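Ready for a few warm-up exercises on reading a protein model? Try each task yourself before you peek at the solution.

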Amino acid sequence: MFSIHSDMESAEGILAVMKESGLEPSAETYTLLMCGFIKNGNLEKVNEIFKLCESEEVMLADKDYFDLIYAYAIHGYEDEIDK
């Protein structure tokens, strides 16, 4: 919801709220957050979240990668897809 309104700071804050509530963010949660950052042009944050997923051993599924590829493509970042 926050990313729809370009409030990415609040969207990212949801991760902390979830963890404080005893809920572990899923791969889908991280994927939606990364897609929001792609939409808003903050590719550095996308890379940070990828690293966070690796450190927390969150495994992205093929569907998650396809969602990210689609987000990169429709927002004009085709050159980022190979990364």
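**Exercise 1.** In this predicted model, find which helix gives the largest share of the lining of the second largest pocket.

*Solution.* Start with the lining itself: Asn-47, Phe-50, Tyr-65, Leu-68, Ile-69, Tyr-72, Glu-80, Ile-81 and Lys-83. Next, look for elements that give two or more residues, and you get α3 and α4. Of the lining, α4 supplies the largest share, with four residues. Sort the lining by class and you find six nonpolar, one polar and two charged residues. The space in this pocket comes to about 180 Å³.

**Exercise 2.** Work out whether α2 runs roughly parallel or antiparallel to α4.

*Solution.* Take α2 as residues 27-39 and α4 as residues 62-74. Their axes lie 9 Å apart, at an angle of about 5°. Angles under 35 degrees count as roughly parallel, so α2 is roughly parallel to α4. Now check who touches whom: α2 brings residues including Thr-31, Met-34 and Ile-38, while α4 brings Leu-68 and Ala-71, among others. By class, that contact holds seven nonpolar, one polar and three charged residues.

**Exercise 3.** Do the same for α2 and α3: roughly parallel or antiparallel?

*Solution.* Here α3 covers residues 43-55, and the two axes come within 8 Å and cross at roughly 165°. Anything over 145 degrees counts as roughly antiparallel, so α2 is roughly antiparallel to α3. The crossing is left-handed. Among the residues that meet are Leu-33 and Phe-37 in α2 and Val-46 and Ile-49 in α3. By class, this contact has eleven nonpolar, no polar and one charged residues.

Technical notes:
Residues numbered from 1 in each chain as written. Predicted model: local features only at pLDDT ≥ 70, side-chain atom pairs only at ≥ 80, totals over all residues. Heavy atoms only, no water. Axes fitted to C-alpha atoms, helices over the stretch in contact; angles between N-to-C directions. Parallel < 35°, antiparallel > 145°, perpendicular 65-115°, else oblique. Contact = heavy atoms within 4.5 Å. Nonpolar A, V, L, I, M, F, W, Y, C, P; charged D, E, K, R; others polar. Left-handed = near helix turned anticlockwise from the far one by under 90°. 1 Å grid on protein atoms, 1.4 Å probe; cavity = no way out; pocket = protein on both sides within 12 Å on 5 of 7 lines; lining within 4 Å. Points joined across faces, edges and corners; volume = space filled by probe spheres on them.
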